[in-house]
Amino acid sequence: MNVKSYLKAAKYYNVNHLVTLQHSNGKDFVRFIKVGGGEMTFRIVNFCRMKDVLHHGGQPFCYSFKESLLVLNGFNDAQQQIKMIGKGLQELFPSLNLAKAKTEHLRRVISFSYRPKKKFIFFRQYKIIQS
């Protein structure tokens, strides 16, 4: 199926965003698409496979975006284009009111950090463990 087919189906299933991975001309890309809106495509320079995480003692996890704490670092101090990318990334995730949020439901931290010297955006995710 192509992306247009997924976008048509997304409206039917009340899906707001799509994330696609693709390999083209020897390079890997991730594409964030807002249904009925814009899209952002980033080239993947380096990544960690699940096999590597498991080898180093990590455990796989999957939580919905509703339970995620989003951290954007370095996007406000940058050029207008980078600020727009930060805003687009922020719109991918539901807003979270920390004063009203139940901390026992927060299980995931998603971090995007812009490094102007390297002109890279680093993406990380972390699992929150309640003790």
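Analyst: Quick ground rule for this predicted model: two strands count as paired if DSSP finds at least two bridges between them.

User: What makes strand 5 and strand 6 a pair?

Analyst: Strand 5 (residues 108–115) is joined to strand 6 by 8 bridges. The cut-off is at least two, so they pair. The two run antiparallel, and I110 stands opposite Q125 in strand 6.

User: Which sheet do they belong to, and which strands are its edges?

Analyst: They're in an open sheet of 3 strands, order 4-5-6, with mixed pairing. Strand 4 (68–73) and strand 6 (120–127) are the edge strands, as each pairs on one side only. From one strand to the next, the twist averages 15 degrees.

User: How do you know that helix 3 packs on that sheet?

Analyst: Contact means heavy atoms within 4.5 Å, and helix 3 touches strand 4, strand 5 and strand 6. Its direction makes about 180 degrees with that of strand 4. On the 0 to 180 degrees scale between N-to-C directions, that puts it at the top end, so the two run in opposite directions.

User: Why do strand 2 and strand 3 count as paired?

Analyst: There are 6 bridges between strand 2 (residues 27–34) and strand 3; the test asks for at least two, so it's met. V30 has F42 as its bridge partner in strand 3. Both strands sit in an open sheet ordered 1-2-3, with antiparallel pairing. Its edges are strand 1 (17–24) and strand 3 (39–44), and the twist averages 20 degrees from one strand to the next.

User: Where does helix 3 lie relative to strand 1, strand 2 and strand 3?

Analyst: Helix 3 (residues 80–91) lies across them, running at about 105 degrees to strand 3.

Conventions:
Residues are numbered from 1 along each chain as its sequence is written. This is a predicted model: local features need pLDDT of at least 70, side-chain atom pairs count only at pLDDT 80 or more; totals for chains, interfaces and linings use all residues. Side-chain values use heavy atoms; hydrogens and water are left out. Helices (H or I, at least four residues) and strands (E, at least two) are DSSP runs, numbered from the N terminus.
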